[in-house]
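Please consider the sequence and the model shown here. The account below leads through one set of strands and then turns to a pocket.

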Amino acid sequence: MVDRPIASAVAPLSGARRRLVEELKGKGIVDPAVLRAIELTPRHAFVPSGVRHRAYEDGALPIGSGQTISQPFVHARSLELLRLTGSERVLEVGTGSGYQTALLSKLALVIYSVERVEALLRQAEEALRVANVSNVYLAVADGTAGWREHAPFDAIVVGAGSPEIPQPLVDQLADGGRLLVPVGDRDVQRLVLVERKGTRVLEQAYDPVRFVPLVGDHGWAE
Ligand code: SAH
């Protein structure tokens with residue numbers, strides 16, 4: 001049976017979302033735009049029905065095909081580090097559930113999101129439709145190569161852990177652009193923020209995190 005998101009808009013569970021926002025504030029998230037996006041986005045529409053009752057807990061959940069929707073705190077932290085202002089063209093690598101795509105759609109101008117597992121991309125597409133998200137373009141592809149046709153990007157966010165910073169993504173950053181990618185081994189990584197300033201590329205490592213592997217030509221082998 002195909003697991004479809006329930007056809008509900010934003011209003012249901014708004015209390016649960018507000019509680020999640022309070023929890024995230026308590027854990028140190030301060031960016032009002034990020035907190036607002038979380039308050040307005042129906043995370044329950046992006047998770048399978050079997051785990052929907054846990055949609056507003058601050059934890060990762062299985063979404064099928066061996067993948068997970070990340071913990072809300074990790075999404076919030078990542079989006080905070082990207083410091084989006086609303087005018088950016090963004091590339092997301094690893095659409096997964098589409099939940100972070102929906103958050104990004106409220107924080108930037110246009111989102112290009114690539115996912116290597118077609119079944120997940122189709123589910124995400126449906127959930128984004130239910131959540132009334134329209135400024136998003138999706139494709140099934142190896143996102144470690146970026147999305148050349150739409151480059152350069154003002155921001156790139158990678159939702160899976162990589163052994164190193166994928167060079168095509170650095171190459172597809174606009175001047176002043178920011179790339180956030182979890183870098184490390186298969187079990188644990190650190191969020192690394194890469195910033196392109198003219199010909200200079202600055203790197204800074206942040207929180208330890210645990211993502212599923214980024215599988216592709218410039219990530220892990222299958
Ligand atoms: N932010 C997403 C994260 C999903 S998990 C969410 O919370 O739902 C990471 C996703 O990255 C998985 O769906 C996985 O299939 C995808 N992925 C892994 N390697 C990829 C690659 N090279 N290109 C595109 N997607 C990839």
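The paragraphs that follow describe a predicted model, beginning with a strand and its pairing partners.

Strand S8 spans residues 189-197 and is mostly covered, with seven of its nine residues buried. Buried here denotes a relative accessible area under 20%. On one side of the sequence, S8 is preceded by strand S7, which covers residues 173-184. The two strands run antiparallel and pair over seven bridges, and a hairpin of four residues connects S7 to S8. Within this pairing, Leu193 in S8 has Leu180 standing opposite.

S8 also pairs with strand S9, residues 200-209, again in the antiparallel sense, here over eight bridges. Arg196 has Val201 in S9 as its bridge partner. The hairpin formed by S8 and S9 has two residues between the strands. In that turn, Gly198 adopts a positive phi of about 60°.

The description now passes to the largest pocket, which holds about 620 Å³ of space. Its lining comprises 42 residues, of which Thr68, Gly159, Ala160, Phe211 and Val212 lie closest to the centre. Several elements each supply at least two residues of this lining. Among them are S7 and S9, both of which pair with S8. Helix H3 (72-82) contributes as well, as do strands S2 (67-69), S3 (89-93), S4 (110-115) and S6 (153-158).

What is the make-up of the lining of the largest pocket by class? It has 22 nonpolar residues, 15 polar residues and five charged residues.

How values were computed:
Residues numbered from 1 in each chain as written. Predicted model: local features only at pLDDT ≥ 70, side-chain atom pairs only at ≥ 80, totals over all residues. Heavy atoms only, no water. Buried < 20%, exposed > 50% of the residue type's maximum accessible area, 1.4 Å probe, protein only. Pairing = 2+ DSSP bridges. 1 Å grid on protein atoms, 1.4 Å probe; cavity = no way out; pocket = protein on both sides within 12 Å on 5 of 7 lines; lining within 4 Å. Points joined across faces, edges and corners; volume = space filled by probe spheres on them. Nonpolar A, V, L, I, M, F, W, Y, C, P; charged D, E, K, R; others polar.
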